[in-house]
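Visitor: I have a model open and would like to learn how to read it feature by feature. Could you walk me through it?

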Amino acid sequence: MNSIQGGVFQQDNARRHTAVVTQHVLQSVDMWSWPARSPDLSPIEHVWDIIGRQLQRHPQPALTVPVLTDQVQQAWNSIPQTDIRHLHDKMHARLHASIQNSGGYTGY
């Protein structure tokens, strides 16, 4: 795992990340310290937020898993690529703000 060039491994102390088996696998990987539960450091959390807001505005609430799956897929597909690029490009600023605030709220 540690041979992946340019890779950044985020470990936010979620249960699955602190499990003994996970810790064993990750012991040979260089890890950066990340504050626990830091969605502002994870662009995918912002994508899920966008999707969640779109689902809340959907005129027909999903009553079945297949309908929900379809609505999530539609919401995912409707996110402009420029929004995804913006989240990616702001990653450095998010990280810097988190360090400045000792892992606390950053406003992102």
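Guide: Happily! Following the sequence, the protein chain has the pattern α-α-α-α-α-α. That makes six helices and zero strands. Keep in mind that this is a predicted model.

Visitor: How much of the protein chain counts as buried?

Guide: Of its 108 residues, 20% are buried. The accessible surface comes to about 8,200 Å², and carbon and sulfur atoms hold 55% of that surface.

Visitor: And what share of the contacts with a separation of 6 or more joins residues 24 or more positions apart?

Guide: Such pairs account for 54% of those contacts in the protein chain.

Visitor: Let's go inside. Which residues make up the largest nonpolar core?

Guide: A nonpolar core is a set of buried nonpolar residues joined through side-chain atoms within 4.5 Å. Here the largest one has six residues: Val47, Ile50, Ile51, Ala75, Ile79 and Leu87. Helix α3 gives the largest share of this core, with three residues.

Visitor: What does Leu87 touch, beyond its neighbours within four places in sequence?

Guide: Leu87 is in contact with Pro43, His46, Val47 and Arg94. Two of those names are worth remembering: Val47 also belongs to the core, and Arg94 is one of the buried residues of helix α6.

Visitor: Then how do I read a helix such as α6? Which of its residues are buried?

Guide: Start with the general idea. An α-helix has 3.6 residues a turn, so residues three or four places apart point the same way. In α6, which spans residues 91-100, the buried residues are Arg94, Ala97 and Ser98. These three are on the same side of α6 because they cover an arc of only 100 degrees around the axis.

Visitor: What do the buried residues of α6 pack against, and which exposed residues sit on the face turned away?

Guide: The buried residues pack against α3 and α5, the latter being residues 81-89. On the face turned away from the buried side you will find His92, Ile99 and Gln100, which are exposed. After α6 comes Ser102, with a positive phi near 50 degrees.

Visitor: Now for charges. How many salt bridges does the structure hold?

Guide: One. It joins the side chains of Arg53 and Asp49, at 2.9 Å from N to O. Both residues lie in helix α3, four residues apart, or about one turn of the helix.

Visitor: Why do Arg53 and Asp49 count as partly exposed?

Guide: The class runs from 20% to 50% relative accessible area. Arg53 is partly exposed because its value is 39%, and Asp49 is placed there because its value is 40%.

Visitor: Back to nonpolar side chains: which residues make a patch on the surface?

Guide: Ile44, Trp48 and Trp76 form a nonpolar surface patch of about 320 Å². Ile44 lies in helix α3, residues 43-57. With a relative accessible area of 38%, Ile44 is partly exposed.

Visitor: One last residue, please. Where does Gln73 lie, and how far is its C-alpha atom from that of Ile51?

Guide: Gln73 is in helix α4, residues 65-78. Along the chain Gln73 and Ile51 are 22 residues apart, and their C-alpha atoms are separated by 9.1 Å. Gln73 counts as partly exposed, at 43% relative accessibility, whereas Ile51 is part of the largest nonpolar core.

Key. Residues numbered from 1 in each chain as written. Predicted model: local features only at pLDDT ≥ 70, side-chain atom pairs only at ≥ 80, totals over all residues. Heavy atoms only, no water. Patch = residues over 30% accessible without salt bridge, like charges linked within 9 Å, V, L, I, M, F, W, Y side chains within 5 Å. Areas by Shrake-Rupley, 256 points an atom, 1.4 Å probe, with all protein chains shown as cover. Salt bridge = Lys/Arg side-chain N within 4 Å of Asp/Glu carboxyl O. Helix = DSSP H or I, 4+ residues; strand = E, 2+ residues; numbered from the N terminus. Buried < 20%, exposed > 50% of the residue type's maximum accessible area, 1.4 Å probe, protein only. Arc of directions from axis to C-beta. Contact = heavy atoms within 4.5 Å.
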